[in-house]
Amino acid sequence: MQKSISMRLRDRLDSFRDPFERRDWLAQEPQIKGLGYKEASHFLRNVGFKGYGILDKHIVRSLAELGVIDSPKPPTGRHRYLTTEARMREFAAAVQIDFDELDLLLWSMKTGEILK
């Protein structure tokens, strides 16, 4: 028998003061299946939360080509994901580009598409 988490998702997401805790909860909640850190970041961005890197192969390759990270392999696991995202955040600050806009810029440069 399937158990309901008995809540409104938006209310639960809004209840977090720390954006990293919000994503951790979404990625680790056992009753929400199939979301890792990339997918949780994408979902949160799509429902209006900012400041989450969607570290897909396009973004990671760009970061590696720019020398921001060492490997073009997409990060696996929480620690590597957060470390890669932190380096991207530092790079965004160094080049004075909004973090979310940098994510879109890198993705667009690789895919040739302007909007996700």
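Helices (H or I, at least four residues) and strands (E, at least two) are DSSP runs, numbered from the N terminus. Keep that in mind as you click around, and note that this is a predicted model: local features need pLDDT of at least 70, side-chain atom pairs count only at pLDDT 80 or more, and totals for chains, interfaces and linings use all residues. Residues are numbered from 1 along each chain as its sequence is written, and side-chain values use heavy atoms, with hydrogens and water left out.

**Stop 1: Gly36**

Select Gly36, and you land in the loop between H2 and H3. Is Gly36 buried or exposed? Neither quite fits: Gly36 is partly exposed, because its relative accessible area is 27% (buried means under 20%, exposed over 50%, partly exposed in between, with a 1.4 Å probe and protein chains only). Now add Thr76 to your selection. Gly36 and Thr76 sit 40 residues apart in sequence, and their C-alpha atoms are 9.0 Å apart in space.

**Stop 2: helix H6, end to end**

Next, pick residues 99-111, which make up helix H6 with its 13 residues. From first C-alpha to last, H6 reaches 19 Å, close to the 18 Å expected at 1.5 Å a residue (the expected span is 1.5 Å times one less than the number of residues).

Go to the N-terminal end of H6, where Asp98 acts as a cap: one of its side-chain oxygens lies 3.0 Å from the backbone nitrogen of Asp100. That is a polar contact, meaning a pair of N or O atoms within 3.5 Å; within protein, one must be able to donate a hydrogen and the other to accept it, and residues adjacent in sequence count only if both atoms are side-chain atoms.

Asp100 itself is in helix H6 and counts as buried, because its relative accessibility is 13%. Leaving aside residues up to four places away in sequence, Asp100 touches Arg45, Lys50, Gly51 and Tyr52 (contact means heavy atoms within 4.5 Å). After H6 comes Gly112, with a positive phi near 80°.

**Stop 3: the loop before H6**

Step back to Gln96, in the loop between H5 and H6. Most residues other than glycine have a negative phi. Gln96 is not a glycine, yet its phi is positive, about 60°. Gln96 counts as exposed, because its relative accessibility is 74%.

**Stop 4: what packs on H6**

Which helices help cover the buried residues of H6? The cover includes helix H3 (37-46), helix H4 (57-65) and helix H5 (78-94).

Show H4 with H6: they pack at an angle of about 95°, with their axes 8 Å apart. So H4 is roughly perpendicular to H6 (65 to 115 degrees counts as roughly perpendicular, under 35 as roughly parallel, over 145 as roughly antiparallel and the rest as oblique). Axes here are lines fitted to C-alpha atoms, for helices over the stretch in contact, and angles run from 0 to 180 degrees between N-to-C directions. Among the H4 residues that meet H6 is Ile59. Not counting residues up to four places away in sequence, Ile59 touches Ile54, Met88, Asp103, Leu106 and Trp107.

Swap H4 for H5. The axes of H5 and H6 come within 9 Å and cross at roughly 100°, so H5 is roughly perpendicular to H6 too. Glu85, Met88, Arg89, Phe91 and Ala92 in H5 meet Phe99, Leu102 and Asp103 in H6.
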